[in-house]
Amino acid sequence: MAKSPSAKTSNAKTSKAGNAKAGSAQAAASASAAPSINIGISEKDRAAIAQGLSRLLADTYTLYLTTHNFHWNVTGPMFNTLHTMFMQQYTELWNAVDPVAERIRALGHHAPGSYAAFGKLASLSDAPEQPPEALAMVRILVEGHEAVARTARTLFPLADKASDEPTADLLTQRLTVHEQTAWMLRSLLQ
């Protein structure tokens, strides 16, 4: 059956209106979409730095959990000293994870945030199931802080190559804390 001229005109108007709405929706979506990241660091370099920072985040979080565990479970003649020291250390570590994760986000990547992801990325072992003696805890934390320092240090060439000063600054801050904490803990073992 042939359509009347008025039906053809009506269908054309409906089709044009539908196309206009679709175009308008696409334009609105494009206008509200975030522009691509252009901070002067290539996507390849941002991805490599974010991957390294993800390992640093995993190490930091793992060390945080171990330190908090030891704070709860330390016993012996050094209880008061270690309990207080471990609390200061796990508080510092807790405050450190957010800037690392936020730097990953600023580089345009997702920060890992699950135990499964941290387990795959971390270079540190999880805390022992059975709490060790107090000085063994100290030794484990010395090794943990040194491991986190090594992880941070591996990122400097990437940050330097990409002229990523914010990441380099963050790494310098973290290295200062981890090296100083390792030294202080090691002093308890001598």
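# Exercises on a seven-helix model

Ser163 is partly exposed, with a relative accessible area of 47%. The model is predicted, and the exercises below start from this residue.

## Exercise 1: Ser163

Task: state where Ser163 lies and what sign its phi has.

Solution.
- Step 1. Ser163 sits in the loop between helix H6 (156-161) and H7.
- Step 2. Most residues other than glycine have a negative phi, and most peptide bonds are trans.
- Step 3. The phi of Ser163 is near 55°, a positive value in a residue other than glycine.
- Step 4. A positive phi also occurs just after H3, where Gly108 takes about 90°.

## Exercise 2: The overall make-up

Task: find how many helices and strands the protein has, and what share of its residues counts as buried.

Solution.
- Step 1. There are seven helices and zero strands.
- Step 2. Read from the N terminus, the order of elements is α-α-α-α-α-α-α.
- Step 3. The protein has 190 residues, of which 36% count as buried.
- Step 4. The accessible surface is about 11,300 Å², and carbon and sulfur atoms hold 56% of that surface.
- Step 5. Take the contacts between residues at least 6 apart in sequence: 81% of them join residues at least 24 apart.

## Exercise 3: Helix H3

Task: compare the expected span of H3 with the distance between its end C-alpha atoms, then say which elements its buried residues pack against.

Solution.
- Step 1. H3 has 28 residues, and at 1.5 Å a residue these should span 40 Å.
- Step 2. The end C-alpha atoms of H3 are 41 Å apart, which agrees with that value.
- Step 3. The buried residues of H3 include Leu82, Met85, Phe86, Gln89, Leu93, Ala96, Val100 and Arg103.
- Step 4. An α-helix has 3.6 residues a turn, so residues three or four places apart point the same way.
- Step 5. The buried residues of H3 pack against H2, H5 and H7.

## Exercise 4: Aromatic pairs

Task: describe the pair Tyr61 and Trp94 and the pair Tyr64 and Tyr90 by centre distance and plane angle.

Solution.
- Step 1. The whole structure holds six aromatic pairs.
- Step 2. In the pair of Tyr61 and Trp94, the ring centres are 6.3 Å apart and the planes are at 55°, so the pair is tilted.
- Step 3. Tyr61 belongs to helix H2 (residues 43-73) and Trp94 to helix H3 (residues 79-106), so this pair ties together parts that are 33 residues apart in sequence.
- Step 4. Tyr61 is buried at a relative accessible area of 18%, while Trp94 is partly exposed at 43%.
- Step 5. Tyr64 and Tyr90 form an edge-to-face pair, with 6.2 Å from centre to centre and 70° between the planes.
- Step 6. Tyr64 is in helix H2 and Tyr90 in helix H3, so the pair ties together parts that are 26 residues apart in sequence.
- Step 7. Tyr64 is buried, with 11% relative accessibility, and Tyr90 is buried, with 13%.
- Step 8. Ring pairs join Tyr61, Tyr64, Tyr90, Trp94 and Phe118 into a cluster.

## Exercise 5: The largest nonpolar core

Task: give the number of residues in the largest nonpolar core and the element that gives the most to this core.

Solution.
- Step 1. The largest nonpolar core has 41 residues.
- Step 2. Leu53, Leu56, Leu57, Phe86, Val100 and Leu185 have the most contacts inside this core.
- Step 3. Two or more residues come from each of H2, H3, helix H4 (115-121), helix H5 (134-154) and H7.
- Step 4. H2 gives the most, with 10 residues.
- Step 5. Beyond four places in sequence, Leu56 touches Val100, Val148, Thr151, Ala152 and Leu171.

## Exercise 6: Two residues of helix H7

Task: decide whether Thr167 and Arg174 are buried or exposed, and list what each touches away from its sequence neighbours.

Solution.
- Step 1. Thr167 is found in helix H7 (residues 165-188), and Arg174 is in helix H7.
- Step 2. The cut-off for buried is under 20% relative accessible area.
- Step 3. Thr167 is buried, at 0% relative accessibility.
- Step 4. Arg174 is buried, with a relative accessible area of 6%.
- Step 5. Not counting residues up to four places away in sequence, Thr167 touches Ile49, Leu53, Arg103, Leu107 and Ala159.
- Step 6. With neighbours within four places in sequence left aside, Arg174 contacts Glu92, Leu93 and Ala96.
- Step 7. Arg174 and Arg153 are 21 residues apart along the chain, and their C-alpha atoms are separated by 9.5 Å.

How values were computed
Residues numbered from 1 in each chain as written. Predicted model: local features only at pLDDT ≥ 70, side-chain atom pairs only at ≥ 80, totals over all residues. Heavy atoms only, no water. Phe/Tyr/Trp six-rings, centres within 6.5 Å; stacked < 30°, edge-to-face > 60°. Helix = DSSP H or I, 4+ residues; strand = E, 2+ residues; numbered from the N terminus. Buried < 20%, exposed > 50% of the residue type's maximum accessible area, 1.4 Å probe, protein only. Contact = heavy atoms within 4.5 Å. Core = buried A, V, L, I, M, F, W, Y, C linked by side-chain atoms within 4.5 Å. Expected span 1.5 Å × (residues − 1). Areas by Shrake-Rupley, 256 points an atom, 1.4 Å probe, with all protein chains shown as cover.
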